[in-house]
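Here is a small set of exercises to work through with the model open beside you. Try each task first, then compare your steps with the solution.

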Amino acid sequence: MTIATYAAIDVGSYEIEMKIFELSARQGMREIDCIRHRMELGKDAYRTGKISVDLVEELCSVLQDFLLIMKTYRVNAFRACATSAVRETKNKLIMLDYIEKRTGIKIEVLGNSEERFLDYKSIASREAEFANIIQKGTAILDVGGGSMQISLFDKDSLVTTQNIRLGNMRIRERLSVMENQAPHMEVLIEELINNEVLGFKKLYLKEREIQNVILIGDYILDLTKKSFLTKEEFLKLYDTVIRKSPEDIAEAYEIPYESASLIIPSVIIYKRLLEEMEAEAIWVPGVSLCDGMAYEYAQKNKIIKSLHNFDNDIIAAARNISKRYQCNKGHIKALEDLAIPIFDKLKKVHGMNARDRLLLRIAVILHGCGKYISLSNVAECSYSIIMATEIIGLAHVEREIIANVVKYNTMDFSYYDVTEGRITEISKDEYLRIAKLTAILRVANALDRSHKQKFKDVRLAFRENELVITAETQEDITLEKGLFREKADFFEEVFSVRPVIKQKKIM
């Protein structure tokens with residue numbers, strides 16, 4: 001039996017955590033060690049936008065110690081990720097370069113949607129409970145140092161996920177100047193978060209039944225002392241905790257004193273959200289970002305086979321965005337049935353992978369969202385909507401690829417020398433992916449230019465330098481054929497393959 005030893009490092013807002021796991025097909029994930037070092041990076045980041053030199057030096061020292069620990073465990077692979085504290089630091093590129101030179105560890109800064117997706121995967125690592133719970137209306141309440149994330153599931157499908165930039169440390173730092181002026185800090189915290197909570201309820205909880213709630217956050221399991229509890233039990237716990245000082249909380253629940261001051265903002269956030277939901281069952285899995293990293297590594301390396309399809313969650317999130325902006329479902333379905341087979345047929349030509357296929361599908365789903373804002377400026381509006389909307393599981397640069405593919409679906413394509421001067425994360429490799437995905441989307445979209453779904457039964461044949469698209473239809477496709485040439489020209493420019501339409505009339 002092959003056993004891999006894996007280390008996951010989370011450079012968080014208020015502590016650095018490393019977990020060591022043993023991964024195997026038979027036993028799944030087994031945590032064999034957990035090391036935590038208290039370090040409030042977020043205190044500097046959220047106040048000044050920079051992390052001090054002293055803290056950077058301390059972080060390097062901690063990481064060097066982690067390397068020694070990994071060596072004793074004979075770790076096969078590791079990953080180090082940073083979240084909101086580093087993400088919001090102005091000088092992060094300089095800082096990360098220095099850390100890599102000092103320690104040899106390259107820290108990956110996660111976007112919020114990537115971070116929350118790993119948190120979500122950490123829950124999924126508890127497969128038996130997770131699969132059962134999300135069959136019914138479920139909310140995941142994920143409270144971190146810089147923000148909170150609320151994700152809603154229904155019948156095993158992700159309905160929506162929204163980020164609110166109010167986490168326990170950010171709240172503590174914002175209200176610290178009022179600490180001696182307010183006898184009941186919980187009142188101030190509730191006032192601070194109330195507008196966001198009620199706004200979320202109005203937009204996403206209307207007529208939605210939430211039966212289960214999953215709580216994610218540091219030390220919450222230390223408070224509850226058990227994984228499953230009722231809403232009533234949590235509210236009793238809340239009343240007990242809220243009356244205690246940080247010193248009393250640290251002593252009563254055996255939590256580090258430095259972390260106890262973050263417990264009160266966390267439980268107030270949980271309590272307010274629970275008040276707006278009808279759920280009675282609460283699950284506290286006691287997992288962290290490190291568990292999600294290990295689970296993802298085991299998945300990608302086929303050590304563990306997941307029962308849950310995470311790509312479907314990304315697609316479901318995109319469909320819900322499409323629904324919000326009233327996109328044409330029939331047209332989207334027609335384009336999916338055309339674009340994805342074209343991608344598959346040209347696999348040997350374009351050299352793209354399964355992830356690119358997913359990005360193409362999301363571009364198809366969202367390509368018309370800008371019509372909600374403007375019928376005369378659809379491309380730019382669609383681009384702006386996609387760039388402003390987080391899609392769980394996608395990196396920022398992947399969202400930028402999708403936004404550009406959607407924009408250039410109808411706008412003139414900007415070649416790389418034109419785009420070089422823009423502030424963008426797009427590399428030359430990603431630019432080529434945009435060009436290839438745009439060419440496929442343009443052809444698929446041209447085949448349903450009338451939005452009447454005339455091409456219902458389509459066969460594709462790749463012959464020499466031609467992609468022959470044969471459609472069995474009685475419909476008049478004069479419009480589609482007439483407007484096809486321009487799209488075919490760009491497709492041929494990108495792939496050196498000429499798409500050709502052929503009609504086979506049904507007798």
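## Exercise 1: Two unusual loop residues

Lys302 lies in the loop between H13 and H14 (helices, H or I of at least four residues, and strands, E of at least two, are DSSP runs numbered from the N terminus). Before starting, note that this is a predicted model, in which local features need pLDDT of at least 70, side-chain atom pairs count only at pLDDT 80 or more, and totals for chains, interfaces and linings use all residues. Residues are numbered from 1 along each chain as its sequence is written, and side-chain values use heavy atoms, with hydrogens and water left out.

**Task.** Find the phi of Lys302 and of Tyr219, and decide whether each residue is buried or exposed.

**Solution.**

Step 1. Recall the background: most residues other than glycine have a negative phi.

Step 2. Lys302 is not a glycine, yet its phi is positive, at about 55°. Tyr219 also has a positive phi, near 70°.

Step 3. Place Tyr219: it sits in the loop between strand S9 (212–216) and helix H9 (220–224).

Step 4. Apply the accessibility classes: buried is under 20% relative accessible area, exposed is over 50%, and partly exposed is in between (1.4 Å probe, protein chains only). With a relative accessible area of 75%, Lys302 is exposed. Tyr219, at 8% relative accessibility, is buried.

## Exercise 2: The surroundings of His308

**Task.** Locate His308 and work out which residues it touches.

**Solution.**

Step 1. Look in the loop between helix H13 (289–300) and helix H14 (310–324), where His308 is found.

Step 2. Check its accessibility: the value is 13%, so His308 counts as buried.

Step 3. List its contacts (heavy atoms within 4.5 Å). Leaving out residues up to four places away in sequence, His308 touches Tyr120, Phe130, Ile134, Asp156 and Asp313.

Step 4. Look again at Tyr120: its side chain and that of His308 are joined by a polar contact of 2.8 Å. A polar contact is a pair of N or O atoms within 3.5 Å; within protein, one must be able to donate a hydrogen and the other to accept it, and residues adjacent in sequence count only if both atoms are side-chain atoms.

## Exercise 3: Following salt bridges

**Task.** Trace the salt bridges of Glu40, Glu115 and Glu190 to their partners.

**Solution.**

Step 1. Start with the idea: side chains of opposite charge can pair when their charged atoms come close. The rule asks for a side-chain nitrogen of Lys or Arg within 4 Å of a carboxyl oxygen of Asp or Glu. The structure holds 35 such salt bridges.

Step 2. Glu40 meets Arg172 at 2.8 Å, N to O. Glu40 is in the loop between strand S3 (28–38) and helix H1 (41–48) and Arg172 is in helix H7 (residues 168–175), so the bridge ties together parts 132 residues apart in sequence. Both Glu40 and Arg172 are buried.

Step 3. Glu115 pairs with Arg87 at 3.2 Å, N to O. Here helix H5 (residues 112–124) holds Glu115 and helix H3 (residues 84–87) holds Arg87, so parts 28 residues apart in sequence are tied together. Glu115 is buried, at 9% relative accessibility.

Step 4. Glu190 pairs with Lys271 at 2.7 Å, N to O. Glu190 belongs to helix H8 (residues 185–205) and Lys271 to helix H12 (residues 257–275), 81 residues apart. Both Glu190 and Lys271 are buried.

Step 5. Widen the view: Glu190, Lys201, Lys271, Arg272, Glu275 and Glu276 are linked in a network of salt bridges.

## Exercise 4: Where two domains meet

**Task.** Describe the interface of domain 2 and domain 3.

**Solution.**

Step 1. Mark the domains: the assignment gives domain 1 (4–110), domain 2 (127–286) and domain 3 (310–504), with bounds from an automatic or database domain assignment.

Step 2. Count the residues in contact: nine come from domain 2 and seven from domain 3.

Step 3. Find the buried area, which is the accessible area (1.4 Å probe) that two parts lose on being put together, summed over both. Domain 2 and domain 3 bury about 590 Å² between them, 50% of it on carbon and sulfur atoms. Leu158, Val159 and Thr161 supply 60% of the area that domain 2 buries against domain 3.

Step 4. Check the pairs across the interface: there are zero salt bridges and two residue pairs in polar contact.
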